[in-house]
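Please open the model in a viewer and keep the selection panel at hand. The tour below proceeds from one selection to the next and says what is found at each stop.

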Amino acid sequence: MRATRLPRLHVITDTRVLDAAPVGPLHDPIIATEAALAAGARLVQIRPEDHYTDRAAFDLAAAIAALCDQYGAACLVNDRVHIAQAVGADGVHLGADDLPIDAARRILPPASIIGGTARDPESARAARRAGATYLGVGPVWGTTTKTGLPQPIGLEGLAAVCEAVDLPVIAIGGITAERAALCRAAGAHGVAVVGAIAAAADPRQATVELLEAVGESPTAGREDDSRNTRTAGDSRSERVRAVGAGHTEETPDTGLLRGVGRA
Ligand SMILES: Cc1ncc(COP(=O)(O)OP(=O)(O)O)c(N)n1
Ligand SMILES: Cc1ncsc1CCOP(=O)(O)O
Ligand SMILES: [Mg+2]
């Protein structure tokens, strides 16, 4: 049996259209993702923004899912559940404007990872009831990556959500390596980043620093060293089942497992 824990570092692709010069030397979602995977990242969230047609989103997702397979990492798709299905992703991340979590649960494979956005204890509890595997909580700090967000909730707001629900909390919004450690201290299971890797001068080194900050150093002993080695018979669905094995609760109505362990 492989690792049962939700990875603590979620690397989110940066698909912004940039008016000026690229924000980093490797500002290409596929190149930056490969650098992060090579550094030891174990979960990528593919986040094609609205200017991506479904075809462009599919092409990006298929390329990144293949890279994730190669490195033995999990891969989630933001918003577009049908793209996740089409590329056989490990799951999705859904927010208030997306397909409801319980609806996605009904159509995705049983062990799928489904993240839900929450900003406060009430929305966190609702996402849990709907069947979320983990919560993406933020913005904890201000971010230049996404516009139109509400005021940052700060470490206090993050801690309040962590207290309220027994689900892994992934902090998002303005995360740096230094802040990632603060999020962990506030009770978060891990962090999600866009700019800290995609806009870094050296995305690979930035990933190493973030992994260390969340206690998932690529050089430290892994729960399962085979996770980063592609082996014969390896498939994304096998990895989904492995992550799902850490789930703690069975939803009575669907028999689906949810609640990847926080430890
Ligand atoms: C880990 C994580 N947390 C939060 C979000 C934000 O999701 P959402 O609120 O649906 O906003 P968009 O990302 O879709 O613009 C996320 N993607 N990942
Ligand atoms: C999608 C999203 N939702 C809340 S903050 C955010 C963007 C986070 O990007 P960054 O890590 O660059 O601050
Ligand atoms: Mg969304």
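**A tour of the ligand sites and the cavity**

Begin with glycine 195, where a backbone N or O atom lies 2.8 Å from an oxygen atom of ligand 2. The model is a predicted one.

Next, select glycine 174: one of its backbone N or O atoms is likewise placed 2.8 Å from an oxygen atom of ligand 2. Then show the side chain of threonine 145, in which an N or O atom is 2.4 Å from an oxygen atom of ligand 2. Taken alone, ligand 2 exposes 370 Å², and the protein buries 91% of that area.

Now display the whole shell of ligand 2. Its members are Arg47, Thr143, Thr145, Lys146, Leu149, Ile172, Gly173, Gly174, Val193, Val194 and Gly195. Coloured by class, this shell separates into 4 nonpolar, 5 polar and 2 charged residues. The space that ligand 2 takes up is the largest pocket.

Move on to ligand 1, which also sits in the largest pocket. Which residues come nearest to ligand 1? Of the 13 around it, they are Arg47, Asn78, Asp79, Thr117 and Lys146. Three polar side chains can be picked in turn:

- Arginine 47 has a polar side-chain atom 2.8 Å from an oxygen atom of ligand 1.
- Aspartate 79 places a side-chain N or O atom 2.9 Å from an oxygen atom of ligand 1.
- Lysine 146 has a polar side-chain atom 2.7 Å from an oxygen atom of ligand 1.

For ligand 1 taken alone, the exposed area is 420 Å², of which the protein buries 89%. Its shell divides into 3 nonpolar, 6 polar and 4 charged residues.

Before leaving the ligands, select Arg47 and Lys146 together: both belong to the surroundings of ligand 2, and both are listed among the residues that come nearest to ligand 1.

The last stop is an enclosed space. How many cavities of 30 Å³ or more are there? The count comes to 1, and the largest cavity has a volume of about 60 Å³. To centre the view on it, select Ile12, Thr13, Asp14, Ala32 and Ala198, the closest to its centre of the 11 lining residues. Strand S1 (9–12), helix H1 (29–38) and helix H8 (195–198) each give two or more residues to this lining. Helix H1 gives the most, with 3 residues. By class, the lining comprises 6 nonpolar, 3 polar and 2 charged residues.

How values were computed: Residues numbered from 1 in each chain as written. Chains lettered and ligands numbered in written order. Predicted model: local features only at pLDDT ≥ 70, side-chain atom pairs only at ≥ 80, totals over all residues. Heavy atoms only, no water. Near = heavy atom within 4 Å. Polar contact = N/O pair within 3.5 Å; in protein donor to acceptor, adjacent residues only side chain to side chain. Areas by Shrake-Rupley, 256 points an atom, 1.4 Å probe, with all protein chains shown as cover. 1 Å grid on protein atoms, 1.4 Å probe; cavity = no way out; pocket = protein on both sides within 12 Å on 5 of 7 lines; lining within 4 Å. Sits in = over half its atoms within 2 Å of the grid points. Nonpolar A, V, L, I, M, F, W, Y, C, P; charged D, E, K, R; others polar. Points joined across faces, edges and corners; volume = space filled by probe spheres on them. Helix = DSSP H or I, 4+ residues; strand = E, 2+ residues; numbered from the N terminus.
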